[in-house]
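Dear colleague,

Please find the structure below. My findings follow it, beginning with the contact between the chains.

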Amino acid sequence: MAAAAELTLLEKCLGLSKGNKYSAQGERQIPVLQTNNGPSLTGLTTIAAHLVQQANKEYLLGSTAEEKAVVQQWLEYRVTQVDGHSSKDDIRTVLKDLNSYLEDKVYLTGYNFTLADILLYYGLHRFIGMSHLPVLLHNTASPQQDSLDFLTGAKAEAAR
Amino acid sequence: MRLFVSEGAPGSLPVLAAAGRAQGRAELLISTVGPEECVVPFLTRPKVPVLQLDSGNYLFSTSAICRYFFLLSGWEQDDLTNQWLEWEATELQPALSAALYYLVVQGKKGEDVFSPVRRALTHIDHSLSRRSCPFLAGETESLADIVLWGALYPLLQDPAYLPEELGALHSWFQTLSSQEPCQRAAETVLKQQGVLALRPYLQKQPQPSFLEGRAVSNEPEEEELATLSEEEIAMAVAAWEKGLESLPPVQPQQNPVLPVAGEKNVLITSALPYVNNVPHLGNIIGCVLSADVFARYSRLRQWNTLYLCGTDEYGTATETKAMEEGLTPQEICDKYHVIHADIYRWFNISFDIFGRTTTPQQTKITQDIFQRLVARGFVLQDTVEQLRCEHCARFLADRFVEGMCPFCGYEEARGDQCDKCGKLINAIELKKPQCKVCRSCPVVKSSRHLFLDLPKLGKPLEEWLEKTLPGSDWTPNARFIIRSWLRDGLKPRCITRDLKWGTPVPLEGFEDKVFYVWFDATIGYLSITANYTDQWEKWWKNPEQVSLYQFMAKDNVPFHGLVFPCSALGAEDNYTLVSHLIATEYLNYEDGKFSKSRGVGVFGDMAQDTGIPADIWRFYLLYIRPEGQDSAFSWTDMLLKNNSELLNNLGNFINRAGMFVSKFFGGFVPEMVLTSDDRRLLAHVTLELQHYHQLLEKVRIRDALRSILTISRHGNQYIQVNEPWKRIKGSEADRQRAGTVTGLAVNIAALLSIMLQPYMPTVSATIQAQLQLPPPACSILLTNFLCTLPAGHQIGTVSPLFQKLENDQIESLRQRFSGGQAKAPPKPAAVETMTTAGPQQIQVLMDEVTKQGNTVRELKAQKADKNQVAAEVAKLLDLKKQLALAEGKPLETPKGKKKK
């Protein structure tokens, strides 16, 4: 999924009505958001965090210092490890590590659904065939409030 | 919480520097573990540093650990910091780990280490200077600063990797390095061993994936929209309103161009191409085309500009070629000089002089410099052992000897290298050597030679460099190369050769020798100028008033930056020395190198046969100019850039702006009533124009081209948002708005035509003719955006500027230049030598194609009947096919036929 499409999908999930336009930069096609007032923002997770704030859903970035750091850590993991590798072995390692991390957790931060879950889900979708999705869904699909909207969006995209 | 670190792990630097922030908020224990210990239970691969939190959770990302420490101290996250940290993780780290791997694990130095990180460092420097903030995310030191500082410290603590020209980065780095938490972290991690302290850790790491082919990139640096102050907007509007009045009078063209005291005088040289090599695209972008852009820019600034180049004609290679072709060296030079001149004319290179090195002036000036060097004791004599063919009565250059390889016994080893085992050979070590010309056996003879005493000239050279380099625009690679030559120590260099085709050595006992080309080739610039004007010394013996810009590929740096300055300094005759040495990296072709012998790549004389206009070639070559790093020519990319940047962006904007004036306002520029949005746009365009000037003044040619495209993008957005084509049908107010938008847009188009002039001179002239831009505005580019097409100005006929490049067209060109010609007979340059049909026949076909092409165009323009057009098109295609057949182009070229 191209970064721009992913961000548009995120906008929808966040309930942001006015869609932004994104350009892409460089060989990795890094998304760029031109904000109305102020400089542009570059980078998938940077823009995603910005959108979350725009939607007044800061809790998706974590509530405590620890949660905030954990969210950012997994966002970084998404753009460096999940996006950065394409060899089968690397991907297998990523999946194995994530699975083992999530064994005793519902979400990446523990019990709260955050932006890290959304972006990691989007990112993994690229190479987890539908048959493997249950590994994650098993953990992510919990009837938590709020999270349903996001999952619907994420699943809808995954089903495309 | 517990922090796990490992000896020499670079991540410890930022983490320890940030740890101070958390002091008093939580207890921090530090444990040292081995580099391969798996601390984090869920991660397969070892990772340090790691912070285990009191909750039991782990932070294994260096940035996340630092962020956590900052968050504990009450700091709040912001977009800009997030952006820097994301950039650090995705862009800086891969580049940096490659550089550190080269430096620490592989023991490389200089360019090898620096080039992976150059772009990243430049990015930081630009961001700092553009925002004019001392720190990355604002006025105070913050998380982004610590994370980036910690990442960069191991490399940048060695001043060799922190070039002075990155001034903003330099002072940012010094500021942070001098702070106590950073200092302590550096001492703890590097233990005063410098970067080598990282070796135990880095050796155990896998080779960074960056090393596998991410080094070549044609992608631009990003564009950022700056925030504007009210003053900036007001100033831009004031300048705009002054319009044409603010243009200074156009200075008449002088002939000859001479420097004028008190004015800016710019002398530009492009490396002299060797006469019997047809230049390929890499040679063209490396020097002549780059220098041409700067020369044209310099003239637009009304600086006194002299741009010169010429063919380098002396030397062994010419003698060999002459023998092969059965001509005299002079005849060879005469023949090839014309080929060169034609190629550059086709590329629209605006030389004031395109001369040659085989002239009496060359002899006179070279001998004069030599005599002065002798008189001042800077020339040594020594004996060199060489092979001499008694039969041909001459010493043999390496390429004239063949024999048995002393290492592997291969029979046909060359004088300099064995093709079989690849080892380098000293020609006198060859067994059973043979003269390649007469096949007799040469003998080893000693020959007296002259040497330039570089060690003795080292001191004046270093003094001159110290005076010249700071604040100048020498490219970083040139500085590196000179620095490494000086570091390795200067050695005497032989300046004579046992040849006939060269400048004679005016010294007793050396009558049968000539100067070695590298000694006198750089003197060619002086002699070419002397052939242009007898007042050449006003340019070349006038260092106070003349700025000398020399353009070349990086392999030429030592001769221009070191050897020639030594000769000139030693001659003590007040020579003008290079003020700005502009060296490019290399241009590759598709995935490999250009190769004349294998027929791979596009050479100057072939570009014109592709049907792609010279300006498109210029644009694409400048767009991918190997500025700061190697780049690659790619057909697909060329198609992409032509269709996206030229056709859809630039061409589309300029054409629309002009069309609106023609269609909606009868060809007259409408009244403009500026709203606050328009004023902002004016200011943005002005800012981008100033950025363009800053870049070109620093000879950052490729980056400045981006500014043109950015302005055009702004323009397109502006039209798109304001929809003049709808408003023109609306109320009075709407119609006025349509007028303002159209008027402003067409003025931006006019500005773009001038900014484009150095890059695409023909397209620029076409736009200016279409818009009927007043002549003074065409030849001067100020630093402000002026209204050059005021209300009421009548424009001319507007038509599209660019053509789409089609996939199949590009695909067939790619195949044509991919080495399919490898088996074809060697083709020195002239097109007719490789044709299978006679030149007259081809000329006839070409004329017919042109004629038929015109017929088709006329019919299309008249909107003639479709079937009629189709029939004529079919004829045209058939003619083109015949022509291609006659030229032997798309078909397999016959093997081993026709050796001229």
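In this predicted model, chain A and chain B bury about 3200 Å² between them, where buried area is the accessible area (1.4 Å probe) that two parts lose on being put together, summed over both. Carbon and sulfur atoms give 51% of that area. A:E27, A:E66 and A:Q73 supply 18% of what chain A buries against chain B, more than any other three residues. Contact, meaning heavy atoms within 4.5 Å, links 37 residues of chain A with 34 residues of chain B. The two chains share 1 salt bridge (a side-chain nitrogen of Lys or Arg within 4 Å of a carboxyl oxygen of Asp or Glu). It joins the side chains of B:R45 and A:D90 (3.4 Å, N to O).

The largest nonpolar core (buried Ala, Val, Leu, Ile, Met, Phe, Trp, Tyr and Cys residues joined through side-chain atoms within 4.5 Å; buried is under 20% relative accessible area, 1.4 Å probe, protein chains only) has 180 residues. B:W617 and B:W635 are among the members that touch the most others. Because domain 2 (271-383 + 451-584) and domain 3 (648-794) of chain B both give residues to this core, it lies between them; the domain bounds come from an automatic or database assignment. A second, separate core of 122 residues includes A:A69, A:V82, B:F4 and B:Y161.

As to conventions, residues are numbered from 1 along each chain as its sequence is written, and chains are lettered from A and ligands numbered from 1 in the order written. Local features need pLDDT of at least 70, side-chain atom pairs count only at pLDDT 80 or more, totals for chains, interfaces and linings use all residues, and side-chain values use heavy atoms, leaving out hydrogens and water.

Yours faithfully

Notes
Buried means under 20% relative accessible area, exposed over 50%, partly exposed in between (1.4 Å probe, protein chains only).
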